[in-house]
Amino acid sequence: MIPEVLGYAFPNDIHITWSLMIVTYPYVTGLVAGAFIVSSLYHVFNRKELWPIGRFSLVASLAFMIVATWPLLNHLGQPQRAMSIMITPNPSSAMAGFGLAYNWYLMILVLEVWFVFRKDIVLMARQSRGLKRTVFATLALGTYDISDAALAKDHKIVTVLAAIGIPSACFLHGYVGFLFGAIKANPWWSTALMPIIFLFSAIVSGIAAMILMYQVAMLLKGLPIVRETVATMVRWLWLFMILTVTLELLEIITLAYESAEEWEIISLLLTTRLAFSFFSVQLVFGSLIPFILLMITVLLGGQMKPRVQNILAAAASFILLIQVFSMRWNVVIGGQLFSKSLKGLRDPFQPRFFEKEGILATIVIIVAPLVLLVLFEKVLPMFRSVEEAYAAGRLTEDESTGA
Amino acid sequence: MNNVSRRDFLRKAALVSGGCVTFLVLGPGEKGSASTGTIGGVPLEDYNWNEHRWAYLVDTTRCIGCGMCVKGCKEENLVPDGYVRTWVERYEIGEEGEGEVDSPDGALYGFQENVGHMKVAKSFFVPKICNHCEKPPCVQVCPVGATYRTRDGVVLVDSNYCVGCGYCVQACPYGARFITHDRSLSIAGIAQKCTLCYHRLVKGRTTACVEACPVGARQLADMRDTFDPVRKRILTERVGVLQPELLTEPQCFYIALDKEVR
């Protein structure tokens, strides 16, 4: 099937080389970075209001991290050679840094999770019997010291790891933006703003995902949602979405105002092929509506019933998750809809449901971290402090939804 | 049974480990010339890549748009349908400066005449091919070093090493590369491009497209051969390259390159 072309495209440029998988990859990586930033707000910056999700967001970050390589492996033409990128990297390639960035960050995440949950792992190893005991004893790595002094040391290490983790998370995701920003052949990608936009939208998607996942997790566990936790995250989300949308608009405005050679094709791209996914989804539905919802939640939060606040926050978060996905789509797919001849646009790209890199594969990849989280919950008690507080009757009506 | 003295053992161990280090440092790879290797199974006894540096010359004033070069390339290199390693573009520019460009199937079957759609002020054909850049962005971005530039100036892909990520396809400003995911083809999932018919060059022959061109619009130059007439043309005539602002330093040179051509 040869796609229709408007204008003139180089003959090889009518094919979409980077499919839905390369849209999903920066999306999932963004969730890694964003969820980690949320956990760091608690572990490093001492935002005590975030205590119910300090551990949850950290483990969520790990779950997204494990899945982050899946879209890449599914996309590679020769996945059996994937390790070559780590074993024999080409130092001049922006992509070769992936092995380093990914492994470094994975190491920090695993270490931090281990230190945060060490006490629980040791307790579980002591309390349980049989296979369960073996599992937890293995996870404890042979050290059962949970004296106050040892735990204080753990706490220090966690703070240091989280502090190292913040620049690492920024680097990991800024790097993903750099993969695109460094392609001088493509004027839609090749801007210095690209890594920064990717980074900020990653933080937006991470906070939004945590707001939603926290509420869903509490509903599933029958625990109250802490009002101040949601209110704090909503404030951060509002700030970061304003920054992100400003940057996204600045990029377009700069391109339009400079009106250099590439603007002719980019303006045509935006007004035809991307008119729906850029203006309707990314800007109006995805940015303007959540901006208003979040503004209401932030400014009137005090007078609002907790349930209303939670619903508004969840709705804004859900829309922002779509906004960030559409932004990834508009960058990755949009950048391949026009030819490097700068004279032609191909048909809109429509992925199929069942193809190898199609919609089903994308859904599996996005749902997989949630499944992983449910499994992790069996081993790592992410909401122990919430459960204890609830059992002790310390979660008062004022803090909870009243659910 | 042999008794090995400690002295003997140490001496042999030192020799073996020294040999290992030498092997690892000097390696089985670089030998200073390709004269002892093979390429695509062809022995390279008579070919020394230090003695050549290939460049390409396109005289756009000669091209008649017959598409024989595209056909020749497709047959020589088994290029799959829907993709090209070389192609020809037709430019028709009207009196008001309005322009139209086309290249149906990469001009595999030549061109049909456009009738009466505008008043054409000038019209010309532009053959395109991998520019075998001196600073190739595709080589820069390859995460595993599977794509490389040979000493005689040809950008190639090691199909046994390519991971099929497609980054080189994105990085090439000229649309010279492609990657097909059609699993019925043996080249599926491996980056493909013009090899400047390297398998022919090493046997002292020219490329399939140059050989197929009936009017001499496409010519191969050896920049190390002082008696090469094509080299002389590149050096002495006024030639242009595509998208020079990207500083990829293309080694495919054009005579009479119009400003409309990218």
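Student: Where do A:Arg384 and A:Glu388 lie, and how many residues apart are they?

Tutor: Both belong to helix H15 of chain A (residues 384-391), 4 residues apart, which is about one turn of the helix. Helices here are DSSP runs of H or I with at least four residues, strands are runs of E with at least two, and both are numbered from the N terminus. This is a predicted model, where local features need pLDDT of at least 70 and side-chain atom pairs count only at pLDDT 80 or more, while totals for chains, interfaces and linings use all residues. Residues are numbered from 1 along each chain as its sequence is written, chains are lettered from A and ligands numbered from 1 in the order in which they are written, and side-chain values use heavy atoms, leaving out hydrogens and water.

Student: What makes the contact between A:Arg384 and A:Glu388 a salt bridge?

Tutor: The term asks for a side-chain nitrogen of Lys or Arg within 4 Å of a carboxyl oxygen of Asp or Glu. Here the N to O distance is 3.3 Å, so the pair passes the 4 Å limit.

Student: Why is A:Arg384 put in its accessibility class?

Tutor: Buried means under 20% relative accessible area, exposed means over 50%, and partly exposed is in between, using a 1.4 Å probe and protein chains only. A:Arg384 has 25%, so it is partly exposed. A:Glu388, at 43%, is also partly exposed. Shared partners join A:Arg55, A:Asp120, A:Arg384 and A:Glu388 into one network of salt bridges.

Student: How many salt bridges are there over all chains?

Tutor: The whole structure has 22. Among them is the pair A:Arg235 and A:Glu228, with its closest N and O atoms 3.5 Å apart. A:Arg235 is partly exposed at 40%, and A:Glu228 is partly exposed at 36%. Another is A:Arg352 with A:Glu355, at 3.4 Å from N to O. A:Arg352 has 57% relative accessibility, so it counts as exposed, whereas A:Glu355 is partly exposed at 27%.

Student: A:Arg55 was named in that network. What does its charged end sit over?

Tutor: It sits over the ring of A:Phe117, 4.5 Å from the ring centre. The rule is that NZ of Lys or CZ of Arg must be within 6 Å of the ring centre and within 35 degrees of the ring normal.

Student: How many aromatic pairs does the search find?

Tutor: It finds 24 over all chains. One of them is A:Tyr27 with A:Phe325, whose ring centres are 5.0 Å apart and whose planes meet at 85 degrees, so the pair is edge-to-face. A:Tyr27 is in helix H1 (residues 20-43) and A:Phe325 in helix H12 (residues 306-332), both of chain A, so the pair ties together parts 298 residues apart in sequence. In chain B, the rings of B:Tyr91 and B:Phe124 have centres 5.2 Å apart and planes at 10 degrees, so that pair is stacked. It links strand S4 (residues 86-94), home of B:Tyr91, to strand S6 (residues 120-129), home of B:Phe124, 33 residues apart.

Student: How do you know which name each ring pair gets?

Tutor: Rings of Phe, Tyr and Trp (its six-membered ring) pair if their centres lie within 6.5 Å; planes under 30 degrees apart are stacked, over 60 edge-to-face, and the rest tilted.

Student: Are B:Tyr91 and A:Tyr27 buried or exposed?

Tutor: B:Tyr91 has 2% relative accessibility, so it is buried, and A:Tyr27 is buried at 7%.

Student: What is unusual about phi in A:Asn46?

Tutor: Most residues other than glycine have a negative phi. A:Asn46 is not a glycine, yet its phi is positive, about 60 degrees. A:Asn46 sits in the loop between H1 and helix H2 (54-68) of chain A.

Student: How many helices and strands does chain A have?

Tutor: Chain A has 15 helices and 2 strands.

Student: Why is chain A called as compact as a globular protein of that length?

Tutor: Its radius of gyration is 23 Å, close to the 22 Å that the globule rule gives for 403 residues, so the description fits. The radius is taken over C-alpha atoms, and the rule is 2.2 Å times the number of residues to the power 0.38.
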